[in-house]
Amino acid sequence: MKSKSFFLYLAAFLVLLIPSPGRFVYGFTLMIELFFLTTLGTLVLILIKKLKLVELKTVLLLFSLIVITVIFRQIFILLYPEVVLTLGFIIYLPAISTFLICFLSERQEFETKQLIIENIIRAVIFFVFGTLFFLFRDVVGYGTITFFGKHHQIVEKVIFNSEQIGIFSFLASVPGALLLSALITFLHLTVRKKFKIISNYLQQ
């Protein structure tokens, strides 16, 4: 993945995560959804190419992603209705986001096997990154870890006393997620710039 391309995807990916509540269980649900959308969306894209419907690619891909999202939502609402109801419209954001459409379409000239491998690898990278993003917000912002429990309930593991968190609870809010996203983007740009300087120096 090219550095410039990765930066654009990182920025779009972070914007996608910001509206979600700062609890790990909700973020993890979105990451599962995004992974399934990426995997199944790749298969849909391959089918579109096989049927030679490239002219209708964007429309068919968007329609397929929305259908997959609706099915995912219906399955999840049977398992953990509280999660789905809390996420509300946010659960549809990955399907209609520019991030996912561009993500899937960028390497459509690749061979089928290579396209599947590339997209799954990138999906895993963003899955891990998004999971850590929400885990950090939950632990630092609330002092807890929330996850799926028995009997369709959400369980909460207390890590810190809420009174000890203080100002860090800001990170669990939407403005806090915005600030955290800006810091991650800045860190990415700084590290990339340093690596570029080192690379240029070594090539001299």
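**View 1. Aromatic pairs in the predicted model.** This predicted model holds 14 aromatic pairs. One of them joins Phe 28 and Phe 147, with ring centres 5.4 Å apart and planes at 55°, so the pair counts as tilted. Phe 28 belongs to helix H2 and Phe 147 to strand S1 (residues 144–148), so this pair ties together parts 119 residues apart in sequence. Both rings are members of one aromatic cluster. The full cluster is Phe 24, Phe 28, Phe 35, Phe 36, Phe 72, Phe 76, Tyr 80, Phe 127, Phe 147 and Phe 148.

**View 2. The surroundings of Phe 28.** Phe 28 sits in helix H2, which spans residues 24–50. Is Phe 28 buried or exposed? Its relative accessibility is 17%, so Phe 28 counts as buried. Its partner Phe 147 has 32% relative accessibility, so Phe 147 counts as partly exposed. Leaving aside residues up to four places away in sequence, Phe 28 touches Phe 127, Thr 131, Phe 147 and Phe 148. Leu 135 is 107 residues from Phe 28 in sequence. In space, the C-alpha atoms of Phe 28 and Leu 135 are 8.6 Å apart.

**View 3. The largest nonpolar core.** This core has 43 residues. Which residues have the most contacts inside it? They are Leu 65, Val 83, Phe 99, Leu 100 and Phe 133. At least two core residues come from each of helix H1 (3–17), H2, helix H3 (57–79), helix H4 (81–87), helix H6 (98–105), H7 and helix H9 (174–203). H2 gives the most, with 13 residues. In general, nonpolar side chains tend to be buried together in soluble globular proteins.

**View 4. Val 83 and its contacts.** Val 83 is among the residues with the most contacts inside the largest nonpolar core. Which residues does Val 83 touch, not counting those up to four places away in sequence? The list is Val 25, Tyr 26, Thr 29, Phe 76, Phe 148 and Ile 154. Two of these, Phe 76 and Phe 148, also belong to the aromatic cluster.

**View 5. Helix H6, mostly covered.** How many of the 8 residues of H6 are buried? The count is 6. They are Phe 99, Leu 100, Ile 101, Phe 103, Leu 104 and Ser 105. Phe 99 and Leu 100 are also among the residues with the most contacts inside the largest nonpolar core.

**View 6. A salt-bridge network at Arg 23.** The structure holds 2 salt bridges. One joins Arg 23 and Asp 138, with the closest N and O atoms 3.5 Å apart. Arg 23 lies in the loop between H1 and H2 and Asp 138 in helix H7, so the pair ties together parts 115 residues apart in sequence. Arg 23 and Asp 138 are both buried. Arg 23 also meets Glu 156 in a salt bridge, at 3.4 Å from N to O. That pair links distant parts of the chain, with Glu 156 in strand S2 (residues 154–158), 133 residues from Arg 23. Glu 156 has 47% relative accessibility, so Glu 156 counts as partly exposed. Shared partners join Arg 23, Asp 138 and Glu 156 into one network.

**View 7. Two buried arginines of helix H7.** Arg 137 lies in helix H7, which covers residues 112–142. Arg 137 is buried yet has no salt bridge. Which side chain of opposite charge is nearest to Arg 137? Asp 138 is the nearest, at 8.9 Å. The Arg 137 side chain does reach the backbone oxygen of Ser 20, at 3.4 Å. Arg 122 lies in H7 too. Its relative accessible area is 3%, so Arg 122 is buried. The side chains of Arg 122 and Asn 119 make a polar contact at 3.1 Å.

**View 8. Two loop residues with positive phi.** Lys 52 lies in the loop between H2 and H3. Its phi is near 55°, a positive value in a residue other than glycine. With a relative accessible area of 70%, Lys 52 is exposed. His 152 lies in the loop between S1 and S2. Phi of His 152 is near 65°, again positive in a residue other than glycine. His 152 counts as partly exposed, at 43% relative accessibility.

Technical notes. Residues are numbered from 1 along each chain as its sequence is written. This is a predicted model: local features need pLDDT of at least 70, side-chain atom pairs count only at pLDDT 80 or more; totals for chains, interfaces and linings use all residues. Side-chain values use heavy atoms; hydrogens and water are left out. Helices (H or I, at least four residues) and strands (E, at least two) are DSSP runs, numbered from the N terminus. Buried means under 20% relative accessible area, exposed over 50%, partly exposed in between (1.4 Å probe, protein chains only). Contact means heavy atoms within 4.5 Å. Lys and Arg count as positive and Asp and Glu as negative; His and the chain ends are not counted. A salt bridge is a side-chain nitrogen of Lys or Arg within 4 Å of a carboxyl oxygen of Asp or Glu. A polar contact is a pair of N or O atoms within 3.5 Å; within protein, one must be able to donate a hydrogen and the other to accept it, and residues adjacent in sequence count only if both atoms are side-chain atoms. A nonpolar core is a set of buried Ala, Val, Leu, Ile, Met, Phe, Trp, Tyr and Cys residues joined through side-chain atoms within 4.5 Å. Rings of Phe, Tyr and Trp (its six-membered ring) pair if their centres lie within 6.5 Å; planes under 30 degrees apart count as stacked, over 60 as edge-to-face and the rest as tilted.
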